[in-house]
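Dear colleague,

I am handing over the structure below, and I would be grateful if you could look through it alongside the notes that follow. They go from the chain as a whole to its helix contacts, then to its disulfides and two single residues.

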Amino acid sequence: MAADRHVRLSLLFSGLRWRAWSSLAMFGVAVFATAAAAFGPIELHSADQATLDGILTATPLANLGLTLLPSTGQGSTASLLGAARSAPKPPSGRPWFGPPITTEQASFTAAAAGQGYTDHLTSRTGACAHLTMVAGHCPVRSGTVILSTRSARALRLGVGEPLEAVFGRRAHRASLLVVGLYRPGSPLAPFWWDQNYFGFGAGSPVSPLLDDAFASPATLRTVPPALVAALVQVPFRAGSLSVDSAGSMTAALSAYEQSVARHDAVLASTELPAALDRVVTTWHTTATIVGVVVVQLVLLALFVLYFVADRTAAERLRDVGLAELRGYRPRSTMAVALAEPMAVVVAAVPVGVLAAWAVAAVTASGVFGPNVGASPTPTAMGAALATGVVGIGATALACRQMLMLGIAGTTDSGRRAPTQRVVGDVVVVALAGASFFELVASGVGGAAGTRDNPLVAFAPGLLALAVGVLGARLLPAVLRVAIRRTAHSPRVALALAVRRVARRREFAAPVMLVTLAVGLATFAVVGWAVDRRNQGVADAFAVGASRVLTVEVRPGTEFLSAVRASDPSGAGVMAAAVERANDGITLAVDASRMPGVVSWPPGLSRLGAAQVARRLVPPGLAPPVEIRGRQLEVTVVADLHADPAPQLVVDLFDRGYQTPERLVLGTLRQGTATYRAGLSGLCPGGCRLVDLAFSWSPPVGSTAVGHAVVSVTAIAASLHDTGRWTGSPSGVAVSGTAAGLTASLTLSPFAPVTLAPADAAGVLPVVVTPSTAGPTLGGGPNLVGLDGQTLTGRVVSVVPSLPRLGADATLVDLGTVERSLSGPFTDVTTQVWLSPAAPAGIVARLRAHGISVVGSDSVVSRQRASAHSGVILAYRLFLLAALAAAALAVGATAFGLAAGARRRGPELAALRAIGLSAPVLRRSVWIEQALSTGLGAVLGVAAGVTAAAVALRSVPELASQVAGPPLDLGLPPAVLAATVAVLAAALSVVAVLGASAVVEAARLESLGGSPT
């Protein structure tokens, strides 16, 4: 037994030494196959970690941390801190959550120089470390506070002076010593958890809001507990969560929320599970993309391994002879002959895993970021082992037929293919058809957590292989026509080539291999190019414009007018406001500037951006009536038939402070009279006239009906143009004369009769998405106005998704919807959208007009941030797979020519001996390669294009957090043409050089003698 084992090993090592180049080629292909199989899972694990880090980094820390509030009443800080101490922790490693931040807050009022102010007394853990002190020091003792510089200026206070605060409707008074002044910071800083402690100037002019006054916890304890609201926030530690512990954290958070609610009466809230849901969705998308790429590449590598083994099988016939001489039976002889290729593949498995790990580890920091590494996961090990097993089977299958011929004592390699080859062809074609049918029926990608059909992931590769099989089997039949036409032809090279290709089985494998390689390369390049094109469109659509600034508007500044003034040309700056309410999201944009700024990709709607913008502005609206100055005067000529006389009231809307104002002008008098009201403290930046109202209050129980005919001769211009005015209720008759606006009024004790400018739309033109397009009681879709009121819209266009906001929002014109305001913006984020044509220094221009930038988002920043995202990195594998497939096609073609050179030497030498010249033989070999490799390239391009057209519709194209625009899955002609040209050039060069080498190797000495 030992002697037999020694003989087998001796034969194995001798064969490896004698066939070193063939063994190295097979080893290299096997290493590539196992490395590709292992690299996919290793890269996927790193990409998943990069995705997790990227999404958590992009999510505000306030959304990731725990917010703890008492579930009933005011609660106590002690119970909140107790709940914070029991926050979820991992079994080992870095804690998920950091030290808690405690905030206690009480509202108070103060006054200075006859002006009242509203403010908050706030104690927040670590606040002083995030405030810029300009005078004094942070409050430590009870009864001390610090004010912002602008709050101190408004209250006319300095360091060392007392702040007289009144809490809870004068229920509690306190004299607080000002010990320091701070400069207000950005409310968007992570420490403030999206809460604005610096809301100076908000509210109404009657009682403006000041920046928060910060105090020590001891100071808040002097305020009655019923007036103090407390909360505890537990920040999430960035970088503390790994891919392997994400699932356990989700479960721990769910159990924690239930536990503190039951035992501590504390409501714990966090958006971390929602962020993790987005992560899982992206993981699934990335895994699908990586699977599609890696599976195709491994399939190609295994086929190349089969090709190499098939081309070198004849070299092992000597091993068969040696085994037979030693008395081995056929089965043992086969084992001896197959030991070499199997040993090569087995040795390649650990090398491939190590190579994949090394490449992933070296590139991980540059590809995924400095904090992401690479490790050989169990999935990677299993994939490599499975590939090795299949590789062993492929080499055994490739070698078995030739070796069986040697054992049987014949070398007739040209006999007809056995039945199992036909069966194999049928199986390949059937699998390709089944996978494509499944692809069309269900697609590759699915919802997170679903299981995909593995057959579908093979679809592009199986299609290319099936096309190659059909092409290889049909080629001889097609060439029979060429054989008849080239009979007795002077074109000797062509005649030789078509007969050899038609009659020799060895040309079938190159056709199939090149078809598979070129098909996968074409599919991969097209997939990468389509993704790049769509990703650029999606990034711009997700931002909304080239750049979007989140801004704060100084109280008293009219937002829309200020933005327009910052860029009078209107080329690249647009005002926008986003209202997020529980019952809907409204995006209001300056429609006049929308076409040049908003990202509105082709195919988003039937109408282009310019047409949509025009339809958002209702025609025929009167311009607003502006009221400015120190005093309002109204001249009215009245013919009264009412007792008592009605009251005359003017309703205004302060557009800067967004507050309604009412001026009571007094009792309407018979005849001509001028009514005046002071505007001191009102409308500092101008007001919009809402209406002129006539209120009538007859005695209770009176059945009298009041009438009046009024002519308003002084309050605004264009009073004679009745198209610019309207009366309410609808029965009011309005007419215009040279003297002014005349109206006949029927007075009602239930509601005032009004005369108003016709400057507001009763029904707003809107662009909706399918989820917001449904009819309502008002006959059209409801939308949320910027003041939180419900408005009725009229649909002018339906789009699948809106820029920046996605598939659940409504688009309106900002100027139009502002005319419907009855109060200040509610839950509104003000933004300024910029195009690439925005003027330089736009931030400074906006600041000069009362608008300060507090945040920024841009296409460039998103592309930079997403450079390490799992989906982007997964699609880069498409390009890498294309390069690898092309390299395998070229390398396999070169190897096939080199392997055939030795085998064909005597044949070509004999042809030279009978008088055929080297150029004729060279052309003959060129034509052979053109018929086999060229056919494979043509079929591969067709298969790759077909696979891209079908499969890319099911492969997840993008993993955007908001719904994006329709995907453009059209084939990129320029990229496709360049790919075909490069592949054709590479294969042509190899064919030309290889053909020359084959002919040069055909020396007359190989015939066993020299001519006489």
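The protein chain holds 25 helices and 30 strands, and please keep in mind throughout that this is a predicted model. Of its 1012 residues, 49% are buried. When contacts between residues at least 6 apart in sequence are taken together, 80% of them join residues at least 24 apart.

Much of what I noted concerns helix H14, which spans residues 459–485, and its contacts with three other helices, H16, H15 and H24.

I begin with H14 and helix H16, the latter covering residues 508–543, whose axes come within 8 Å and cross at roughly 150°. That angle makes H14 roughly antiparallel to H16, because angles over 145 degrees are counted in that class. The crossing of H14 with H16 is right-handed. On the H14 side the contact is made by Pro-460, Gly-461, Ala-464, Leu-465, Val-467, Gly-468, Val-469, Gly-471, Ala-472, Arg-473 and Leu-475, which meet Ala-508, Val-511, Met-512, Thr-515, Leu-516, Gly-519, Leu-520 and Phe-523 of H16. Sorted by class, the residues of this contact between H14 and H16 comprise 13 nonpolar, 5 polar and 1 charged.

The second partner is helix H15, residues 492–503, which packs with H14 at an angle of about 150°, the two axes lying 9 Å apart. Here too the angle makes H14 roughly antiparallel, in this case to H15, while the crossing of H14 and H15 is left-handed. The residues that meet are Leu-475, Pro-476, Leu-479, Ala-482 and Ile-483 from H14 and Val-498, Arg-499, Val-501, Ala-502 and Arg-503 from H15. By class, the contact of H14 with H15 consists of 8 nonpolar and 2 charged residues, with no polar ones.

The third partner is helix H24, residues 918–951, and its axis lies 9 Å from that of H14, with a packing angle of about 145°. The crossing of H14 and H24 is right-handed. It brings Pro-460, Leu-463, Ala-464, Val-467, Gly-471, Leu-475 and Leu-479 of H14 into contact with Leu-931, Leu-935, Leu-939, Ala-943, Thr-946, Ala-947 and Ala-951 of H24. The residues of the contact of H14 with H24 divide into 12 nonpolar and 2 polar, with no charged residue. Leu-475 of H14 is listed in the contact with H16, in the contact with H15 and in the contact with H24.

Turning to the cysteines, how many disulfides does the chain have? The count comes to 2, and with the bonded cysteines counted along the chain they follow the pattern 1-2, 3-4.

One disulfide joins Cys-128 to Cys-138, with an S to S distance of 2.2 Å, and with -135° about the S-S bond this link is left-handed. Cys-128 sits in the loop between strand E3 (115–124) and strand E4 (132–136), whereas Cys-138 sits in the loop between E4 and strand E5 (144–148), the two being 10 residues apart. Cys-128 counts as partly exposed because its relative accessibility is 26%, and Cys-138, with a relative accessible area of 21%, is likewise partly exposed.

The other disulfide is formed by Cys-683 and Cys-687, whose sulfur atoms are 1.6 Å apart; with -90° about the S-S bond, the link of Cys-683 and Cys-687 is left-handed. Are these two cysteines, Cys-683 and Cys-687, buried or exposed? Cys-683 is buried, at a relative accessible area of 5%, and Cys-687 is buried as well, at 0%.

Finally, there are two single residues to point out. Ser-932 belongs to helix H24 and counts as buried at 1% relative accessibility; leaving aside its neighbours within four places in sequence, Ser-932 is in contact with Phe-507 and Val-511. Val-511 is also one of the H16 residues that meet H14. Val-998 lies in helix H25, residues 973–1001, and counts as buried at 3% relative accessibility. The C-alpha atom of Val-998 is separated by 7.2 Å from that of Ala-898, although the two residues are 100 residues apart along the chain.

With best wishes

Methods
Residues numbered from 1 in each chain as written. Predicted model: local features only at pLDDT ≥ 70, side-chain atom pairs only at ≥ 80, totals over all residues. Heavy atoms only, no water. Axes fitted to C-alpha atoms, helices over the stretch in contact; angles between N-to-C directions. Helix = DSSP H or I, 4+ residues; strand = E, 2+ residues; numbered from the N terminus. Parallel < 35°, antiparallel > 145°, perpendicular 65-115°, else oblique. Left-handed = near helix turned anticlockwise from the far one by under 90°. Contact = heavy atoms within 4.5 Å. Nonpolar A, V, L, I, M, F, W, Y, C, P; charged D, E, K, R; others polar. Disulfide = S-S within 2.5 Å. Buried < 20%, exposed > 50% of the residue type's maximum accessible area, 1.4 Å probe, protein only.
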